[in-house]
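Subject: Structure handover

Hello,

Please find the structure below, followed by notes on what was found in it.

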Amino acid sequence: MLEKIKTVLVDAIGVEADDVVPEASLSEDLQIDSLAAVELALELESEFDITIEDEELAGLKTVQDIMDLLAEKMN
């Protein structure tokens, strides 16, 4: 799952692949602002065929948070 998330972050947001690790902070380490976060959510929804609510998006602080949310949504 991390590899798919990494692909989305690199292709859609333009972050460096080596920076995408579970403990990476979306805002501080990956420099994802609120606009990029919305784009990320749309890409994740498309890639994983899920829906991410606004309050769920607001709760995503790290790459691990994305992995946890996707695991929850896909079960």
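A residue is called buried when its relative accessible area is under 20%, exposed when that area is over 50%, and partly exposed in between (1.4 Å probe, protein chains only). By that scale D49 is exposed, with a relative accessible area of 71%.

Some ground rules come next. This is a predicted model, in which local features need pLDDT of at least 70 and side-chain atom pairs count only at pLDDT 80 or more, while totals for chains, interfaces and linings use all residues. Residues are numbered from 1 along each chain as its sequence is written, and side-chain values use heavy atoms, with hydrogens and water left out.

The whole chain

The chain has four helices and zero strands, where helices (H or I, at least four residues) and strands (E, at least two) are DSSP runs numbered from the N terminus. In sequence order the pattern reads α-α-α-α. The radius of gyration is 11 Å, close to the 11 Å that the globule rule gives for 75 residues, so the chain is as compact as a globular protein of that length. That radius is taken over C-alpha atoms, and the globule rule is 2.2 Å times the number of residues to the power 0.38. The C-alpha trace spans about 30 × 25 × 20 Å along its principal axes.

Of the 75 residues in the chain, 35% are buried. The accessible surface comes to about 4600 Å², and carbon and sulfur atoms account for 46% of that surface; the areas come from the Shrake-Rupley method with a 1.4 Å probe, and for residues only the protein chains shown count as cover.

Contact here means heavy atoms within 4.5 Å. Among contacts between residues at least 6 apart in sequence, 54% join residues at least 24 apart.

The chain carries 4 positive and 21 negative charges, and the mean positions of the two sets are 4 Å apart. Lys and Arg count as positive and Asp and Glu as negative, with His and the chain ends not counted. Each charge is placed at NZ of Lys, CZ of Arg, CG of Asp or CD of Glu.

Helix α4

Which residues of helix α4 are buried? In this helix, residues 63-73, they are V63, I66, M67, L69 and L70. They lie on the same side of α4, because they cover an arc of only 165° around the axis; the arc is that of the directions from the helix axis to the C-beta atoms. The cover over these buried residues includes α1 (2-13), α2 (34-48) and α3 (54-58).

M74 sits in the segment after α4 and is partly exposed, at 46% relative accessible area. Not counting residues up to four places away in sequence, M74 touches F48 and I50. M74 and V8 are 66 residues apart along the chain, and their C-alpha atoms are separated by 17 Å.

Helices α1 and α2

K6 belongs to helix α1. Apart from residues up to four places away in sequence, K6 touches A17 and V20. The C-alpha atoms of K6 and D29 are separated by 14 Å, with their positions 23 residues apart along the chain.

A37 lies in helix α2 and is buried, with a relative accessible area of 18%. Neighbours within four places in sequence aside, A37 is in contact with I32 and L57. From A37 to A58, 21 residues apart along the chain, the C-alpha separation is 8.8 Å.

E39 is also placed in helix α2, and is partly exposed at 32% relative accessible area. E39 touches A12 and I13, again not counting residues up to four places away in sequence. E39 and I13 are 26 residues apart in sequence and 7.6 Å apart in space, C-alpha to C-alpha.

The loops

S25 is found in the loop between α1 and α2. Is S25 buried or exposed? At 15% relative accessibility, S25 counts as buried. Leaving aside neighbours within four places in sequence, S25 is in contact with L30, K61 and T62.

Q31 is in the loop between α1 and α2 as well, and counts as exposed at 60% relative accessibility. Q31 is not a glycine, yet has a positive phi of about 55°.

D49, introduced above, is in the loop between α2 and α3. D49 is a residue other than glycine with a positive phi, near 55°.

Regards
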